[in-house]
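User: I am new to this structure and would be grateful for a close look at one enclosed space inside it. Please describe what surrounds such a space, and then follow the neighbouring topics as far as they help.

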Amino acid sequence: MTAGLARPGWRMKRLSVLPGFGLTLGFALVYLSMIVLIPLAGVVWRSASLGWPEFWRIATDPRTLNALKISFGGAFIAALVNVVFGTLIAWVLVRYRFPGRRLIDAMVDLPFALPTAVAGIALATLYAPNGWIGSLFAPFGVKIAFTPLGILIALIFIGLPFVVRTVQPVMEEIDREVEEAAATLGADRPQTVWRVILPGLAPAILTGFALAFARAVGEYGSVIFIAGNIPYVSEIAPLLIVIRLEEYNYAAATAIASVMLAISFAVLLVINLIQAWSRRRFGYGS
Amino acid sequence: MDLSIRQVRKEFDHFAALEDVSLDIRSGELIALLGPSGSGKTTFLRLIAGLDMPTGGTILFGEEDASRKSVQERNVGFVFQSYALFRHMTVLDNVGFGLSVRKGAERIARAEIRRRALELLDLVQLSGLEKRYPHQLSGGQRQRVALARAMAIEPRVLLLDEPFGALDAQVRRELRRWLREIHDATGHTTVFVTHDQEEALELADRVVVMNNGRIEQVGAADDVYDRPVSPFVFGFIGESSNLPVRVENRQVWFDDRPLGLDAGDAAGGDALLYFRPHDVELLEGCGGCLAGTVAASRRVAETRRVELEIGVKRRRVEIEVPLDHPAASRSRIAFRPKRWRIFPNGGKSASTGMRHLERDANILAPTES
């Protein structure tokens with residue numbers, strides 16, 4: 001009765017159909033530590049040297065708070081806008097065949113590849129009051145470049161491919177028959193889209209949102225060219241960090257970074273939990 | 001709801017998937033569309049549903065022309081082969097979906113939708129599973145949810161595409177019997193598509209045998225099995241063997257020997273002789289019969305299937321030999337079909353003249369009582 005001798009609990013050494021668990025997990029941990037964990041821990045460590053009262057003073061400084069509000073608020077709104085129009089673009093690319101489709105498909109990736117500074121300068125030129133697009137809005141008293149609205153434009157620009165590229169493959173997988181089933185049951189097109197297709201895409205849209213949001217929170221290069229960078233009005237948190245660094249105030253810079261890190265982590269964790277829940281519920285990936 | 005399909009055609013990019021198909025379905029009938037893959041049976045079903053529009057012809061629901069109506073307006077219950085359940089909805093919401101999308105005067109209160117959905121789940125024996133999601137169900141259960149969902153809208157006709165295709169043999173048999181019970185209880189006019197002849201013959205009131213975008217034969221199980229009107233139907237339904245023969249002087253000839261079969265008024269010339277492996281009479285040597293050398297033999301249930309090579313061209317035919325028959329151990333067997341049919345070789349058009357070609361085997365084989 002050897003089975004009786006086997007001790008319960010964790011056993012790392014186990015015969016498995018997928019061998020190499022120990023090796024790959026070890027590699028993953030080391031790699032993640034070197035690339036992600038240690039640098040981020042350094043940020044937190046450095047800001048901890050300030051002591052709690054000083055840290056709290058910097059973190060709750062009105063300029064910091066405003067910068068954080070602009071960064072996270074802007075990222076949130078930009079991600080929302082991208083969810084709507086990114087899904088629309090994905091829909092057009094997946095569902096229709098038209099000349100130039102491949103070209104548009106390739107263009108979606110441009111914000112990935114373009115140096116962000118180039119994007120920022122291009123956007124600033126276009127949306128300035130005397131630019132091509134900006135001049136259309138100027139007569140109505142709407143200023144886009146060098147205002148928070150400009151920040152939004154830049155964040156939308158850099159976040160778009162994330163939504164399109166996460167939603168597109170899932171949309172391609174949608175079973176035509178599910179839509180036909182809805183039609184035979186009497187649902188018209190809007191009902192089918194709202195009640196059958198979009199809920200099915202929700203997990204992918206959420207992932208796209210999370211990626212676009214995360215990317216927008218950390219964006220620096222394109223925003224500073226179009227934002228105007230007025231403290232309390234259009235100054236983003238990453239810019240504030242750079243300003244502190246240029247003042248050799250490393251502790252303050254890392255303090256702001258730590259706050260950003262904490263908020264970002266919390267937001268991404270919540271999104272991940274929602275996804276895990278929806279996966280369990282609807283059996284995606286099972 | 002009576003259905004009348006008149007001269008319906010469907011072309012996909014100049015390829016005719018369905019050619020001038022006509023069929024009348026009586027209210028409350030259970031119809032099987034049976035055929036090999038590519039025979040147009042699913043296309044036919046989708047045209048009835050309105051999921052595809054016909055290139056020509058009319059489809060009547062009762063007296064009303066439904067040909068140009070949208071799927072939504074036709075009010076048909078369609079069960080897909082993949083079930084196509086909404087996976088983000090519970091079983092209850094899936095079943096109630098068709099009622100919940102109704103608008104205007106037809107709108108139904110939530111409580112009423114719930115009540116009717118629960119009633120249907122009870123009918124399909126899924127009570128207690130209403131809060132589950134589709135991925136938490138077995139294949140057979142999903143199939144029944146799909147059926148309940150289709151029936152919830154009180155469809156004028158129920159259409160099922162390979163309803164048991166994805167299930168294992170055991171579940172198939174159970175669901176088959178169960179579907180027949182549901183049909184008898186609810187009385188929906190039902191059309192289902194299958195490539196499984198056993199399923200079609202057992203379940204349907206009438207079987208529509210399809211091939212190459214055409215209807216070959218429509219009839220009850222006995223009709224299509226005992227009185228097939230074309231070589232295709234003879235070959236597709238049940239076991240069959242065939243031999244190229246010649247018809248001359250009201251006699252059937254094979255390799256210049258008469259077989260002792262009366263060809264009646266069949267047209268002279270090349271023809272195909274069809275018979276079932278079990279419908280043969282074994283003979284002790286013969287002057288006018290078929291004889292061949294045993295090429296292969298296998299045991300199938302209570303009989304032995306013997307493959308014979310016949311004639312100079314070594315045509316292979318299969319016959320059944322009882323286990324205890326002395327012929328089972330021989331290397332050469334002589335036989336004569338007891339029941340058989342002759343179809344002109346190649347010509348499709350002549351199949352109409354086929355009906356009266358059948359000859360009762362008793363005349364030819366007096367030994368059988």
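Analyst: Seven nonpolar residues, one polar residue and one charged residue make up the lining of the second largest cavity. The model under discussion is a predicted one. The volume of this second largest cavity is about 30 Å³. Its lining is formed by Ser71(A), Ile151(A), Leu155(A), Ala216(A), Val217(A), Glu219(A), Val223(A), Ile236(A) and Pro238(A). Helix 8 of chain A supplies at least two residues of that lining, and helix 10 (189-218) of chain A likewise supplies at least two. Within the lining, Glu219(A) is the charged residue, because Glu belongs to the charged class. Ser71(A) is the polar one, because Ser falls outside both the nonpolar and the charged lists.

Helix 8 of chain A, a contributor to this lining, also takes part in a helix packing. Two packed helices are described by the angle between their axes and the distance between the axes. Helix 8 of chain A covers residues 148-173 and packs with helix 6 of chain A, which covers residues 116-127. The angle is about 130° and the axes are 10 Å apart. Helix 6 of chain A and helix 8 of chain A are therefore oblique to each other. The crossing of these two helices of chain A is right-handed. Where they touch, helix 6 of chain A provides Ala119(A), Leu123(A) and Tyr127(A), while helix 8 of chain A provides Ile153(A), Ala154(A) and Phe157(A). This contact holds six nonpolar residues, with no polar and no charged residues.

The second largest cavity has a companion, for the model contains two cavities of 30 Å³ or more. The largest cavity encloses about 40 Å³ of space. Its lining consists of Met151(B), Leu158(B), Leu179(B), Ile182(B), His183(B), Thr186(B), His188(B) and Thr190(B). By class, these lining residues are four nonpolar, four polar and no charged. Helix 6 of chain B, residues 169-186, gives the most to this lining, with four residues.

Met151(B), one of the residues lining the largest cavity, leads to a packing in chain B. Helix 4 of chain B and helix 5 (residues 139-152) of chain B meet at an angle of about 135°, and their axes are 9 Å apart. These two helices of chain B are therefore oblique to each other, and their crossing is right-handed. In the contact, Arg116(B), Leu120(B) and Leu123(B) of helix 4 of chain B meet Ala148(B), Met151(B) and Ala152(B) of helix 5 of chain B. Five nonpolar residues and one charged residue form this contact, with no polar residues. Met151(B) thus belongs both to the lining of the largest cavity and to the contact of helix 4 with helix 5 of chain B.

Helix 4 of chain B has a further partner. The axes of helix 3 (residues 91-100) of chain B and helix 4 (residues 110-123) of chain B come within 9 Å and cross at roughly 125°. That angle makes helix 3 of chain B oblique to helix 4 of chain B, and the crossing is right-handed. Helix 3 of chain B brings Val91(B), Leu92(B), Val95(B), Gly96(B), Leu99(B) and Ser100(B) to the contact. From helix 4 of chain B come Ile113(B), Arg114(B), Arg116(B), Ala117(B), Leu118(B), Leu120(B) and Leu121(B). By class, the contact comprises nine nonpolar, two polar and two charged residues. Arg116(B) and Leu120(B) take part in this contact and also in the contact with helix 5 of chain B.

Methods. Residues numbered from 1 in each chain as written. Chains lettered and ligands numbered in written order. Predicted model: local features only at pLDDT ≥ 70, side-chain atom pairs only at ≥ 80, totals over all residues. Heavy atoms only, no water. Axes fitted to C-alpha atoms, helices over the stretch in contact; angles between N-to-C directions. Parallel < 35°, antiparallel > 145°, perpendicular 65-115°, else oblique. Left-handed = near helix turned anticlockwise from the far one by under 90°. Contact = heavy atoms within 4.5 Å. 1 Å grid on protein atoms, 1.4 Å probe; cavity = no way out; pocket = protein on both sides within 12 Å on 5 of 7 lines; lining within 4 Å. Points joined across faces, edges and corners; volume = space filled by probe spheres on them.
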